[in-house]
Each structure stands twice: as structure tokens, then as C-alpha cells.
Amino acid sequence: MTFEEKIVDKNLTLYCSSNLKLFADEFKSYFYKNINKIKNFLDITEPIELVIALTDKKEEADFVYGQSSFSGYFNDKGAFAYIQLNGKKTKEYMFKGLMHEIIHHLYKYYVYGEEKERITWVDEGLAQLLSGQKDSLQEKQAFKNFVKENLKEDSDINLNELNHNDRSFGNQNGYNLSYIAIRYLHDKLKSKEFLKLLQDEKRLKSVGKGILKEINIYYNFETANVIDNVVKKSR
Ligand SMILES: [Zn+2]
């Protein structure tokens, strides 16, 4: 890939096409505003070194799927993205999308361990949780509604069987189900416990087998209680 612009700032190196210079500068501020919270959450204390590369040249972006105006991926250096500024995606969407890829990088290289087998639902759930992509679901009630909408027929799914090898992950509602599982675990466990689980390949795989079923039961019982109370109060 060729990049006309290069911005170096502390441990962050940004490469971009000339049309994306302003976008890259703005993203840099966004990054600094959000990165400490993410590092604290993941208990990363050492300085992180990151390369972020942004291109608007479709012919160079062989990782682009379909016609999306934003497509990102990560590797051992950092995060990369194809960006089409006048496409349908908003700037906020793309900033969060870039943070999503950065979180994949941080999780793999600073928290989980690169030698371990990647567990897609954990990785995708965590990236959505910490990037702010699902911030509209922060309220308990909003999350509950989201669970009900998405878990209707899917509670028997073994999450470990969802993977990224083809596009079926997105088609099988993989992103939403991954978010639901990770958010549920995050809300249920103490932060130290949650972080410990995120590092434990064996336990994660065992959790992945039945967690959606547990969540389904949890929310259905809660619903039953709520209905029960409503009925009692109405007497
Ligand atoms: Zn991802």
C-alpha cells in the first residue's frame, strides 16, 4: 500500500492517503480521548505501540468486502482500514470501527496471548463492548430488549461454532450474539474475574457452549417475575 501522509505522535504512527489527512488527525484526537479507558479496562499498563493505516484507494484494499464504505482489519502492528469519506457510513461509525480493530489487536497481543487459538465470539463481543459500537444498549432495559429480539430461536447455538472463515458469521447474527454473551458476562462478573476469564482459552470454550441458553433462561425468568408482579399489583 502507498500512503501520501505520515503522522508520528508518541507511540502512534498514522499513515493515510492525502484525502484522509483531516480524518486521520481527527481520529488521532478521538483515539487519545478513548484509549486510556480501554487500556485500564484491559489492565494494560505498559506503553502500546500502534500503526494505523488508512486508504481511500479501493484497488489497494484487497481486504474490502462488498461495497461497504468502511472496512477494517488488524494485524500484529495495529489497525488498517479502507475508508470512503462520502459513503453511507458516518465519521463516528468509522471512528468506532477503527477502535474495534485496535481492541482486537490489544486483546490478542497484550491480554489473551497470540499463541492461543482465537475465539471469535469472545473477540467480537469484546471489540463491540469496548469500542462504543453498542453504546445505545448501555441501559439495562435497552439491553434486555436487545436480548429478547436476538435470542428468539438462537439460544441453542454453541457460540464456539461461529467463526470468521466465511461471511456466515455476520449472516448468522454472530456479532449480536457475541455481544450479548460478552456483555452478560461483563455485567455478571467482577471486573477482575471477567479479565481473568478473558485470558483463559479453556474456560472460554466451555462457557461458549451453553452461555446463550443460560442468558435465555435468565431473561425469561426475569420476565416471568415482572409479569407476576404486575399481576399482583393490579389486584
Ligand atoms: Zn471484529
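Two residues are in contact if their C-beta atoms, placed from the backbone, lie within 7 Å. The structure is a predicted model, in which local features need pLDDT of at least 70, side-chain atom pairs count only at pLDDT 80 or more, and totals for chains, interfaces and linings use all residues. Residues are numbered from 1 along each chain as its sequence is written.

**Exercise 1.** Describe how helix α3 meets helix α6.

*Solution.* Helices here are DSSP runs (H or I, at least four residues), numbered from the N terminus. Begin with the axes, which are lines fitted to C-alpha atoms over the stretch in contact, with angles from 0 to 180 degrees between N-to-C directions: those of α3 (residues 120-131) and α6 (residues 174-188) come within 7 Å and cross at roughly 75°. Because angles of 65 to 115 degrees count as roughly perpendicular, α3 is roughly perpendicular to α6. Next, list the residues: α3 contributes Trp121, Val122, Glu124, Gly125, Leu126, Gln128 and Leu129, while the α6 side includes Gly174, Tyr175, Leu177 and Ala181.

**Exercise 2.** Find which residues Ala181 contacts beyond its neighbours within four places in sequence, and place Ala181 in the largest nonpolar core.

*Solution.* With those neighbours left aside, Ala181 is in contact with Trp121, Gly125, Leu159, Ile211 and Leu212. A nonpolar core is a set of buried Ala, Val, Leu, Ile, Met, Phe, Trp, Tyr and Cys residues joined through C-beta atoms within 7 Å, where buried requires 20 or more other C-beta atoms within 10 Å of a residue's own. The largest such core has 49 residues, and Ala181 is among those with the most contacts inside it, as are Leu126, Leu159 and Leu212. Helix α2 (residues 91-112) supplies the largest share of this core, 9 residues.

Terms used: Helices (H or I, at least four residues) and strands (E, at least two) are DSSP runs, numbered from the N terminus. Angles under 35 degrees count as roughly parallel, over 145 as roughly antiparallel, 65 to 115 as roughly perpendicular and the rest as oblique. A residue is buried if 20 or more other C-beta atoms lie within 10 Å of its own, exposed if 12 or fewer, and partly exposed in between; C-beta atoms are placed from the backbone.
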